[in-house]
Amino acid sequence: TLKKRTVAHLLRNQLRDSLQKTLSTIGAVGDALGRSVFVVGGFVRDLLLRQENFDVDIVVEGDGIAFAEEYARRYDCRVRAHKKFATAVLIFADGFKVDVASARTEYYLEPGALPTVENASIKLDLYRRDFTINTLAIALNGPHFGELLDYFGGQNDLRGKAIRVLHNLSFVEDPTRMFRAIRFEQRLGFQMGRHTVHLLKSAVRMGFLDKISGPRVFNELVLIFRESDPLPAMRRLDELGLLAFIHPTLSVRHLSDGTFAAAKQAVDWYELLYTGERCQRWKVFFLCLLSDLDHGEVQQIVQRLAMPPQCEEFFGSERDAATRILNQIEWRSMQSYRWRDSDIHALLKDLPVEALLYGMAITEHEEARRTISHFITHLRHVKCLLRGHDLQSLGLAPGPIYREIFDALLDVRLDGQVVTREDELQFVTNRYVEKIEEKPSR
Ligand code: CTP
């Protein structure tokens with residue numbers, strides 16, 4: 001087992017100075033209040049795995065809110081308290097956040113009631129958690145700073161690369177853990193233990209997934225799609241029957257390894273090119289997952305997951321439009337159609353970038369892929385140079401005609417027929433001469 005010394009050493013070497021300082025001041029406030037405080041969960045797991053994690057979760061043996069308020073009195077930060085859950089967030093001037101919870105056990109007075117929270121020891125708090133690798137805690141109080149608490153074999157499972165639940169009812173109590181188990185397996189390159197797989201399979205068989213609300217399932221899927229390579233996790237969800245549970249037609253069997261790899265490549269390419277304009281990569285992968293399904297099936301999935309309206313539109317009308325447009329592009333590519341840039345722009349301009357990247361991933365026509373990437377890199381941001389006041393100075397009365405002129409200007413610019421501002425003015429004067437009321441006042 002790791003010695004206390006080793007973990008203190010990790011805290012020193014792995015964390016940036018400001019975070020080390022925050023942790024030791026948290027310990028100092030614990031000392032002042034006579035309360036034990038710990039950093040727990042994913043942060044400790046990732047520290048031992050030498051992976052960066054900025055989600056600091058603190059557990060206080062006692063009143064977490066009172067602790068947070070005392071901390072904020074001594075150090076420069078704000079507190080946001082959630083009384084119902086006896087938790088608080090410390091918000092530092094630079095935006096850094098630390099979650100603080102009260103060590104507690106949750107029990108329900110009656111089924112469906114809100115949990116009644118009462119203080120309890122750190123060990124019980126850790127026992128409530130999902131997997132052994134997430135039950136590690138590090139003491140922060142001065143005399144104990146750096147001491148590792150490992151009640152449930154977390155270090156052993158980190159070494160053995162195993163995801164294990166703490167008790168037989170874990171998936172029954174919280175079925176979202178089935179998704180989490182698979183996400184951690186793939187992210188960390190770990191494997192569920194045999195007994196844990198067995199428990200997961202029986203929870204699936206017994207229909208416990210039905211107990212999770214749509215938004216919670218949706219959230220778990222999005223989290224998986226946000227991982228750097230979601231395909232292995234999707235395959236595992238499929239194999240264990242979790243996808244079919246969301247919808248009987250949902251599967252990754254129709255997808256070749258190539259599709260997700262192409263999606264990942266397209267998204268990485270985009271994010272590298274446009275660092276300022278991140279796209280929602282999970283949407284690109286989600287579209288790939290749905291690629292074999294028809295409109296009605298996708299709608300049922302949207303309903304089952306109770307997606308928010310904006311996603312409903314994305315996976316509804318916007319997906320349908322993307323499919324239609326992609327078909328057109330593929331068809332024209334096969335005819336060796338000679339595209340004008342203005343044609344490409346007209347087709348693609350209203351599609352969200354996630355749908356464009358999906359099109360690049362899913363198409364088997366190299367020419368179609370090139371057309372979309374050409375739009376993204378060269379056409380998407382093209383704008384004409386003239387503005388409304390320029391048209392006014394030409395003697396054009398403002399009205400719907402302006403939209404038409406700007407569209408026409410954009411088309412000739414896309415097709416290389418105008419370059420300078422002068423060219424644009426010339427174009428407008430020639431084309432719209434009959435609309436010009438007065439002499440241009442340039
Ligand atoms: N947890 C749990 N059951 C859940 C969700 C969370 O027991 N359904 C526990 C886990 O032990 C986890 C802690 O709550 O360590 C915090 O949750 P979260 O921040 O989601 O977990 P992380 O392990 O930090 O995951 P990630 O690295 O993906 O943020």
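**Exercise 1. Two helices that meet**

Take helix H10 (residues 214-225) and helix H11 (residues 231-239), which pack with their axes 9 Å apart at an angle of about 140°. Work out which word describes how H10 lies to H11, and which residues of H10 meet which residues of H11.

*Solution.* Keep in mind that you're looking at a predicted model.

- Step 1: start with the angle, which is about 140° between H10 and H11.
- Step 2: recall that an angle has to be over 145 degrees to count as roughly antiparallel, while 65 to 115 counts as roughly perpendicular. The angle of about 140° fits neither range, so H10 is oblique to H11.
- Step 3: now look for the residues in contact. From H10 come Leu-221, Ile-224 and Phe-225, and they meet Ala-233, Met-234 and Leu-237 of H11.
- Step 4: sort them by class. The contact of H10 with H11 has six nonpolar residues, with no polar and no charged ones.

**Exercise 2. Rings with company**

Find out how many aromatic pairs the whole structure has, then classify the pair formed by Tyr-270 and Tyr-274.

*Solution.*

- Step 1: a search through the whole structure turns up 18 aromatic pairs.
- Step 2: zoom in on Tyr-270 and Tyr-274, whose rings are 5.0 Å apart, centre to centre, with 40° between the planes.
- Step 3: stacked planes would be under 30 degrees apart and edge-to-face ones over 60. At 40°, this pair is therefore tilted.
- Step 4: check how much of each residue is accessible. Tyr-270 has a relative accessible area of 1%, so Tyr-270 is buried. Tyr-274 has 15%, and Tyr-274 is buried as well.
- Step 5: look for rings that gather in a group. One aromatic cluster is formed by Phe-218, Phe-225, Phe-260, Trp-282, Phe-285, Phe-286, Phe-314 and Phe-315. You've already met Phe-225, one of the H10 residues in the contact with H11.

**Exercise 3. A charge over a ring**

Find the ring that Arg-183 lies over, and do the same for Arg-332.

*Solution.*

- Step 1: Arg-183 lies over the face of Phe-184, 5.4 Å from the ring centre.
- Step 2: for Arg-332, the ring belongs to Tyr-337, and the distance to the ring centre is 4.7 Å.

**Exercise 4. Two glycines in loops**

Place Gly-142 and Gly-416 in the structure, and decide how accessible Gly-142 and Gly-416 are.

*Solution.*

- Step 1: Gly-142 sits in the loop between strand E8 (137-139) and strand E9 (148-149). With 42% relative accessibility, Gly-142 is partly exposed.
- Step 2: check the surroundings of Gly-142. Leaving out residues up to four places away in sequence, Gly-142 touches Gly-27 and Asp-31. Ser-24 is 118 residues from Gly-142 in sequence, and their C-alpha atoms are 7.5 Å apart in space.
- Step 3: Gly-416 is found in the loop between helix H21 (401-414) and helix H22 (421-431). Its relative accessibility is 53%, so Gly-416 counts as exposed.
- Step 4: Gly-416 and Met-206 are 210 residues apart in sequence and 64 Å apart in space, C-alpha to C-alpha.

**Exercise 5. Positive phi without glycine**

Describe the setting of Ala-86 and Ala-306.

*Solution.*

- Step 1: Ala-86 isn't a glycine, yet its phi is positive, at about 55°. Ala-86 lies in the loop between strand E3 (77-82) and strand E4 (87-92), and at 15% relative accessibility Ala-86 is buried.
- Step 2: Ala-306 also has a positive phi, near 45°. Its loop runs between helix H15 (295-304) and helix H16 (309-334). Ala-306 has a relative accessible area of 42%, so Ala-306 is partly exposed.

Terms used
Residues are numbered from 1 along each chain as its sequence is written. This is a predicted model: local features need pLDDT of at least 70, side-chain atom pairs count only at pLDDT 80 or more; totals for chains, interfaces and linings use all residues. Side-chain values use heavy atoms; hydrogens and water are left out. Axes are lines fitted to C-alpha atoms, for helices over the stretch in contact, and angles run from 0 to 180 degrees between N-to-C directions. Helices (H or I, at least four residues) and strands (E, at least two) are DSSP runs, numbered from the N terminus. Angles under 35 degrees count as roughly parallel, over 145 as roughly antiparallel, 65 to 115 as roughly perpendicular and the rest as oblique. Contact means heavy atoms within 4.5 Å. Ala, Val, Leu, Ile, Met, Phe, Trp, Tyr, Cys and Pro count as nonpolar, Asp, Glu, Lys and Arg as charged, and the others, Gly among them, as polar. Rings of Phe, Tyr and Trp (its six-membered ring) pair if their centres lie within 6.5 Å; planes under 30 degrees apart count as stacked, over 60 as edge-to-face and the rest as tilted. Buried means under 20% relative accessible area, exposed over 50%, partly exposed in between (1.4 Å probe, protein chains only). A charge sits over a ring if NZ of Lys or CZ of Arg is within 6 Å of the ring centre and within 35 degrees of the ring normal.
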